[in-house]
Amino acid sequence: MSDEEDAAPAVKRSRVFYGSLEEKERERLSLEMASSTATGSNAVKAGIEAGNINISSGETMEMEERVSERQQDALAAFERRRRARQITVSTDDAEVKAGLRALGEPITLFGEGPADRRERLRSVLSVVGPDALKKSRRDEERAKRSQDECQQTWYHEGSASLKEARLWLAKYSLPRAMRRLESARAHRDVSEATRTMKQQELHKSLRNLNNFCSQIGDDRPISFCHFSPDSKMLATASWSGLCKLWSVPDCNLIRTLRGHNTNVGAVVFRPQAGVSLDQSDVSLASCATDGTVKLWNLESDEPVADIEGHSERVSRVSWHPSGRFLGTASYDNSWRLWDLEVQEEILHQEGHSKGVHDLGFHPDGSLVATGGLDAFGRVWDLRTGRCVVFLEGHLKEIYSLHFSPNGYHLATGSGDNTCKVWELRNRKCLYTVPAHQNLLSAVRFQPTDGHFLLTGAYDNTAKVWSHPGWTPLKTLAGHEGKVMGVDVSPDGKLIATSSYDRTFKLWLSE
């Protein structure tokens, strides 16, 4: 070991201060404060420069207001819970659903049970108040009551001419109905073998139907065709505005009726025209898309009278079996009945929600059937003015309808490609004939006995169906365009079809 290491350590001398230490302590504290302030200000400046400290532009936030808002929300929630506990809610789940529906709330949520639904109704009532449910129920009852009042049948006083016409129609139709029933009883007394044999002969002749004559009728599509009561003339209507009379069966042009300026929807012969009526009497009626209806005789090319009243397209016209009244169907959602003796409109009947496309009279003259674009048909009693049968079943518009001579069957053709036969005695659909591949434009029963039904459609064909049984007997194919009109001659021997291909054809059994 060295001498230095062996030497004793130096003794630290203690410093002795004389007097008070207060001044020294103040100086030390002031120096420490100054150094800490400088260090803090330097740190704040460094934080601002680094972007870690943002200095606002003097905006302040009142903490007391936010605290008070939270307190108010909490108090309101407590108040709602208190009110909810006091609200009485039915335990019947159906009533709970009805209450939620009345308040405009969903009646059920995914995974929600009856108890949860009841609590949800209670919470909704705690917000809107328990009187809201009573008010909504009162409003619902008031709306239902007003709806029931709207659905009630109401009447308005008709004219004196309408009353006279109704009485005349009753006196006219009742004897005809009696004669029809007597004929039906006589037909029932015929033996079954005789009836079957006649039916088989008719079906055989219908299966042998062939195209007998084809004639170009106009330079525009031929929309309608109709045989005269004596089966010696055929009237055709065209989109060119012309109506033409043709001789039957040689199809020679007799007369061109000029008067319409737009598409003609229908032209029909008056009952007894050419039989008991004079040539100068009104014998035909026609209608067009401009809402005009014109009356014609067999002597002149010009109309003898115009019937004005419809504001929109008149699609079909039909004569009453008596020949005194004319019915018109229009796209103004109504049909009208005109009395030619008093030369005025006696009935303007509404009832369809869309346009009325076709109408037809019962053979007795007591009823009229209308078919509309709303897919519904209606049967009206002309003697009382009531709608006695509502025909519901078609899926699309009804474009044609026709009464059977038996008086209790009605056929309707629709845009749903089917023909329905309605039983008027029990007011039900008897049979639906899946007739064609396209919409049906026309349906016609055999005018003598109603033993077959003829349908025409936009699939370029017309078909003959047995009645009863509704089996297809013959397909009349030959047109190159849509079949727009069909008719059967009053003697039952000829069938006429008119088409979009501007031709009409006559069909005869060989």
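# A tour of strands and helices

Start by selecting Met233 in strand β3 and Ser247 in strand β4: methionine 233 stands opposite serine 247. The model on screen is a predicted one.

**Stop 1: β3 and its neighbours**

Extend the selection to residues 233-238 for β3 and residues 242-247 for β4. These strands pair in the antiparallel sense, over five bridges. Three residues lie between β3 and β4 in their hairpin, and glycine 241 there takes a positive phi near 95°.

Now add residues 222-227, which form strand β2. β2 also pairs with β3 over five bridges, in the antiparallel sense. To find the register, select phenylalanine 224, which stands opposite alanine 237 in β3. The hairpin of β2 and β3 has five residues between the strands; select serine 231 in it to see a positive phi near 65°.

Stay on β3 and show its side chains. Which residues point one way from β3, and which the other way? Met233, Ala235 and Ala237 point one way, while Leu234, Thr236 and Ser238 point the other way. Six of the six residues of β3 are buried, so the strand is largely enclosed by the rest of the structure.

**Stop 2: the sheet of four strands**

Next, select β10 (314-319) and β13 (344-350), the edge strands of a sheet, each of which pairs on one side only. The sheet is open, with the order β10-β11-β12-β13 and antiparallel pairing. From one strand to the next, the twist averages 20°.

Add residues 325-330 for β11, which is joined to β10 by five bridges and runs antiparallel to β10. Within this pair, valine 314 stands opposite serine 330 in β11.

Then show residues 160-189, helix α7. Helix α7 lies across β11 and β13, and runs at about 85° to β13.

**Stop 3: two helices that cross**

Last, select residues 93-102 for helix α4 and residues 114-128 for helix α5. How are two packed helices described? By the angle between their axes and the distance between the axes. Here the axes come within 10 Å and cross at roughly 40°. An angle that is neither under 35 degrees nor in the range 65 to 115 nor over 145 counts as oblique; α4 and α5 are therefore oblique to each other. Their crossing is left-handed.

Show the side chains where the helices meet. From α4, pick Asp93, Val96, Lys97, Gly99 and Leu100; from α5, pick Pro114, Arg117, Arg118, Arg120 and Leu121. The residues of this contact divide into four nonpolar, one polar and five charged.

How values were computed: Residues numbered from 1 in each chain as written. Predicted model: local features only at pLDDT ≥ 70, side-chain atom pairs only at ≥ 80, totals over all residues. Heavy atoms only, no water. Pairing = 2+ DSSP bridges. Helix = DSSP H or I, 4+ residues; strand = E, 2+ residues; numbered from the N terminus. Axes fitted to C-alpha atoms, helices over the stretch in contact; angles between N-to-C directions. Contact = heavy atoms within 4.5 Å. Left-handed = near helix turned anticlockwise from the far one by under 90°. Nonpolar A, V, L, I, M, F, W, Y, C, P; charged D, E, K, R; others polar. Buried < 20%, exposed > 50% of the residue type's maximum accessible area, 1.4 Å probe, protein only.
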